[in-house]
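Please open the model in your viewer and keep the sequence panel visible. The stops below are given in the order in which to select them.

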Amino acid sequence: DPNACVECLDDTYCGGATPVCDVPAQVCVECLVDTDCGGATPVCNPATDTCVGCVDDTDCGGATPVCDLGPQICVECVTDTDCGGATPVCNGATNTCTGCLSDADCSAPTPACDLAVETCVACTNDTYCAAPTPACDTFMQICVGCIDDTDCGGSTPVCNPATSACSECIDDTECMIGELCDTAANACVLYCDDNGDCDGIDVCGPPTNQCVTPTCTADADCP
């Protein structure tokens, strides 16, 4: 009807949030083509005549190659299939690829998900560990023999901090009177002042004052 009132005949009738005239429909809209848009919303959605971040993956690229059709923005991922390598899981809350969101995303030898950094690790507590390495070093996130003496017992009651392994001793104070700690073997050995302190076969050898098996007992033992 040529005598009907319409919203617009061209762009000069429009402005504000709807600066473009859709001439066939004679209504003001936000956009009709991509050139009507820009900034963070460079794509015109023809279904709604509004500027959006994307309408499909072809509108995206670089670090955000996937179009999230809900909010119509480019993101790193929407599903796990969008991810790979060291970060095979899509975090739906942030639309970013990550190492894990739960233990179900991990497997041996790193079966535990460290939720703070979303990375699979060997352990986050002792429940992930078993003998002979039953304790979790939560700083290194690996299973070890011990963290402190409470992890040890029996004939090896002392935790050696250098090796994270249970041993008989790491210094002389952990041995009985008359014994010294052989720090190379982390074992208590008899201390001697002379051969009389040994068993009659071993001899008291300097400089460690420990009973040792002699290399010879008579001249005939020598070449």
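Select P132, which sits in the loop between β10 (119-121) and β11; strands here (E, at least two residues) are DSSP runs, as are helices (H or I, at least four residues), and both are numbered from the N terminus. The bond to P132 from A131 is a cis peptide, with omega near 5°. This is a predicted model, in which local features need pLDDT of at least 70 and side-chain atom pairs count only at pLDDT 80 or more, while totals for chains, interfaces and linings use all residues. Residues are numbered from 1 along each chain as its sequence is written, and side-chain values use heavy atoms, with hydrogens and water left out.

Go next to P109, in the loop between β8 (96-98) and β9 (112-114). A108 and P109 are joined by a cis peptide bond, with omega about 5°. Most peptide bonds are trans, and most residues other than glycine have a negative phi.

Two residues go against the second of these tendencies. D49, in the loop between β3 (43-45) and β4 (50-52), has a positive phi near 55°. D49 is buried at 17% relative accessible area; buried means under 20%, exposed over 50%, and partly exposed in between, with a 1.4 Å probe and protein chains only. N186 has a positive phi near 50° and belongs to the loop between β15 (179-182) and β16. N186 is also buried, with a relative accessible area of 16%.

Now select D137 in strand β11 (residues 135-137). What does the side chain of D137 reach at 3.0 Å? The partner is the backbone nitrogen of F139, a polar contact (a pair of N or O atoms within 3.5 Å; within protein, one must be able to donate a hydrogen and the other to accept it, and residues adjacent in sequence count only if both atoms are side-chain atoms). D137 counts as buried because its relative accessibility is 18%. Setting aside residues up to four places away in sequence, D137 touches C123, I142, V144 and I147, where contact means heavy atoms within 4.5 Å.

D68 is the next selection, in strand β5 (residues 66-68). Is D68 buried or exposed? With a relative accessible area of 16%, D68 is buried. Beyond residues up to four places away in sequence, D68 touches C54, I73, V75, V78 and N95.

Move to C188 in strand β16 (residues 187-190), which is buried at 14% relative accessible area. Outside its neighbours within four places in sequence, C188 contacts E168, C169, E174, C175, E179, L180 and C181. From C188 to T215 the distance is 22 Å, C-alpha to C-alpha, across 27 residues in sequence.

Finally, show the whole chain, with 0 helices and 18 strands. Its radius of gyration, taken over C-alpha atoms, is 38 Å, well over the 17 Å from the globule rule (2.2 Å times the number of residues to the power 0.38) for 223 residues, so the chain is more spread out than a compact globule. The C-alpha trace spans about 130 × 40 × 25 Å along its principal axes. Of the contacts between residues at least 6 apart in sequence, 3% join residues at least 24 apart. Buried residues account for 30% of the 223 residues.
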